[in-house]
Amino acid sequence: MAVIDLRSDTVTKPSEAMRRAIASAEVGDDVYGEDPTVNALQARVAERLGKAAGLFVPSGSMGHQAPLHACSRPGDTVLAGAGAHVLRYEGGAAAALSGLQVQTLGSDGFFDAADVHAAVTPRDAHYASVRIVAVENTHNSGGGRIFPLERIRGVADAAREHDLHLHLDGARLWNASVASGTPMAEWAAPFDSVTVCLSKGLGAPVGSVVCGSEAVIERVHRARKRLGGGMRQAGVLAAAGLYALEHHVERLAVDHANARRLADGLVAMGLAVAPAPETNILMFEHDDAAGLSRALHERDLWINPMGPGRLRAVTHLDVDADAIDDAVDRIAATLDRRA
Ligand SMILES: Cc1ncc(COP(=O)(O)O)c(C=O)c1O
């Protein structure tokens, strides 16, 4: 039985065509700014996001930690939605590397201007200074939901009013853009810095790009150096990103359709799917999430538990509709339920 891996959209392997692009990449020393493929990728992503400059970084985590580091001082506070990746899944990096405390707002990953106003502290020596607001779109632990643009614009107005840096964790902004039909640049416009990943739904093996104004990216560049993220002949990695931009963005609609297909199968066998998938992430409930995950693993279906009563399945480039139907059958057989 072939393994069906729905743990994450990061598990994809580079296609033959992507590997050819990697093999033929023109390279140079990027720490000297001399890698033409890295430079082309940075320019291409910045253009897609409507920003003046871009910077290639090895991971999404560095893609957030570098701008946070660059735009704050130790002791400052970062505001982020509940369950934010930057707080929960980056090894405590904001505290360890930049001396930041993260304060969460809202309850489902989303929040509003009023939450920002309420969290901003008075100018008084007792308080930590709130310096940055970080938005995650789509929201991973919120089930791949899209942060509505109107709410983002409200948050941006509040951030500007208090002179806060507004950062976007856009690891899966491509999914938000394809699902909504709203261009990347429109989603990115309210933000001072935006990080997008190439190694999630887009199927590249490595890499993210931070975009912003020339001045912001110059500071982020220094932070990247400090964090050890300067890479040399990184064009071999950037080539995969360029290939992905060209071939793997529009097809995200297929992943979204497959997530809905999986949701339909689960609901038909009586499982609770919540929230309904908006993009490529699907959350469903089961009393013994860890036990079910182990039992599915024995049938070569890999789905991670996300807390005691919830599992997360993520669709991606390497699973097609037939694999989704097969996954539904394996879940039904494991639970002894007929769809
Ligand atoms: C929303 C979000 N932000 C950031 C990251 C971090 O990316 P990386 O694993 O490349 O560090 C992830 C990883 O899955 C993510 O889901």
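This is a short dialogue about the sheet and the cores of a predicted model.

Visitor: In what order do the strands of the sheet lie, and how are they paired?

Guide: One follows the sheet from strand to neighbouring strand, and here 7 strands form an open sheet in the order β2-β8-β7-β6-β5-β3-β4, with mixed pairing. At the edges stand β2, residues 53–57, and β4, residues 101–105, each of which pairs on one side only. From one strand to the next, the twist averages 20°.

Visitor: How many bridges join β6 to β7, and which residue stands opposite H167?

Guide: Strand β6, residues 165–170, runs parallel to strand β7, residues 193–197, and 4 bridges join the two. Within this pair, H167 of the chain has S193 in β7 opposite to it.

Visitor: Which strands does helix α2 touch, and which does helix α10 touch?

Guide: Helix α2, residues 36–49, packs on the sheet and touches β2, β7 and β8 (208–212), while its direction makes about 125° with that of β2. Helix α10, residues 214–226, also packs on the sheet, touching β2, β6, β7 and β8, and its direction makes about 20° with that of β2.

Visitor: Which residues have the most contacts inside the largest nonpolar core?

Guide: That core has 51 residues, and those with the most contacts inside it are L41, L49, F56, V116, V133, L173 and V196. Taking V133 as a case, and not counting residues up to four places away in sequence, one finds that V133 touches L79, F111, V116, V155, A159, L164, H165, L166 and H167. Apart from the largest core lies another core, of 25 residues, including L292, L296, I303 and L311.

Note on methods:
Residues are numbered from 1 along each chain as its sequence is written. This is a predicted model: local features need pLDDT of at least 70, side-chain atom pairs count only at pLDDT 80 or more; totals for chains, interfaces and linings use all residues. Side-chain values use heavy atoms; hydrogens and water are left out. Two strands pair if DSSP finds at least two bridges between them. Helices (H or I, at least four residues) and strands (E, at least two) are DSSP runs, numbered from the N terminus. Axes are lines fitted to C-alpha atoms, for helices over the stretch in contact, and angles run from 0 to 180 degrees between N-to-C directions. Contact means heavy atoms within 4.5 Å. A nonpolar core is a set of buried Ala, Val, Leu, Ile, Met, Phe, Trp, Tyr and Cys residues joined through side-chain atoms within 4.5 Å. Buried means under 20% relative accessible area, exposed over 50%, partly exposed in between (1.4 Å probe, protein chains only).
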